[in-house]
Amino acid sequence: MATSTRLFVTQDLTPDQPVVATSDQAHYLGRVLRLQAGASVILFNGRDGEWSATLSEIGRSTGLFTLTEQIRPQIGSPDLWLAFAPVKKTQTDFIVQKATELGVSRLIPLLTERTQSERVKTDRLRATAIEAAEQSERLDIPEISEPVRLDRLILEWPKERTLFVCAEAGTAIPLAEAAQARKSGAVGFVTGPEGGFSAAELDFMHQSPLVLPVGLGPRILRAETAALAALAVWQAVAGDGISRPPRRG
Ligand code: SAM
């Protein structure tokens, strides 16, 4: 089923108020998609639901949308965080893209002893998340936090939020079992870098009463595989995996 181009905008979506396209959006719509004035698009901003709109004006770097009607009310994504140790650029973008598709509400780049890239370009990660949200028909964008060190993350973790650490070593409960036991409320996952957590980091986390070490099977997964496997299992067992895409009948 062909669907109109979906775009994330930051402006309010209210009837009778035109929405201004960014220059990147105008370039994409006009130059890449070669859309003309009058074309239909779909807009969302994470607050006002999803709206059908018409591209009323399009220029080299300018564009204007006229709202038609709200086609979906705003509903939030699951309260699901992922703190992940960044790996190489492509794989980090892959984690952000897939985690957005899988419905995370917050992505936290995690600095551990063996994290390779200390410099994390959160602007690039946010652009990747926006593109993935547009494609996956989400109604919001995950928050991208500034990088945080592992010890600070654990010490400042909200007490009411379940904290699953994907532990490749030491004792751990199979994630599906842990998810069954903790089916509701706010939750977050922590995954380590390519080099894994250090013994000191694993000890530190095992000592925290908040930390629930979970296992993802007998094989050692790449960092990007582990992050997505954990999110997919959680969503299937305890998240919104039972829901269906709303605009596919
Ligand atoms: N270099 C480490 C080693 O050889 O032990 C492996 C690290 S793995 C590439 C990156 C991260 O993925 C780990 O820190 C952990 O968070 C997660 N991970 C990988 N395999 C896992 C498993 N079987 N169970 C739980 N977590 C796993």
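Author: Let's start with a yardstick: a residue is buried under 20% relative accessible area, exposed over 50%, and partly exposed in between, using a 1.4 Å probe and protein chains only. This is a predicted model, so local features need pLDDT of at least 70 and side-chain atom pairs pLDDT 80 or more, while totals for chains, interfaces and linings use all residues. Residues are numbered from 1 along each chain as its sequence is written, and side-chain values use heavy atoms, with hydrogens and water left out.

Reader: Okay, why is R34 called exposed?

Author: R34 has 60% relative accessibility, and the cut-off is over 50%, so R34 counts as exposed. You'll find R34 in the loop between α1 (23-32) and β3 (40-44); helices (H or I, at least four residues) and strands (E, at least two) are DSSP runs, numbered from the N terminus.

Reader: And what makes the phi of R34 worth a look?

Author: R34 isn't a glycine, yet its phi is positive, about 55°. Most residues other than glycine have a negative phi.

Reader: What about D16: buried or exposed?

Author: Exposed, because its relative accessible area is 80%. D16 sits in the loop between β1 (5-8) and β2 (19-20), and its phi is positive too, near 65°.

Reader: How do you know that the length of α2 fits a helix?

Author: The expected span is 1.5 Å times one less than the number of residues. For the 13 residues of α2 (residues 89-101) that gives 18 Å, and the end C-alpha atoms are 18 Å apart, so the two agree.

Reader: Which residues of α2 are buried, and what puts them on the same side?

Author: They're T92, D93, I95, V96, A99 and T100. Their arc around the axis, taken from the directions to the C-beta atoms, is only 155°, so they share one side of α2.

Reader: Now the ligand: what makes a residue part of its surroundings?

Author: One of the residue's heavy atoms has to lie within 4 Å. Here 20 residues surround the ligand, and C166, E194, G217, R219 and L221 are the closest.

Reader: Why is the pair between L216 and the ligand called a polar contact?

Author: A polar contact is a pair of N or O atoms within 3.5 Å. A backbone N or O atom of L216 is 3.0 Å from a ligand nitrogen, so the pair fits the cut-off. G192 also has a polar backbone atom 3.0 Å from a ligand oxygen.

Reader: How much of the ligand does the protein bury?

Author: Taken alone, the ligand exposes 580 Å², and the protein buries 83% of that.

Terms used
Polar contact = N/O pair within 3.5 Å; in protein donor to acceptor, adjacent residues only side chain to side chain. Areas by Shrake-Rupley, 256 points an atom, 1.4 Å probe, with all protein chains shown as cover.
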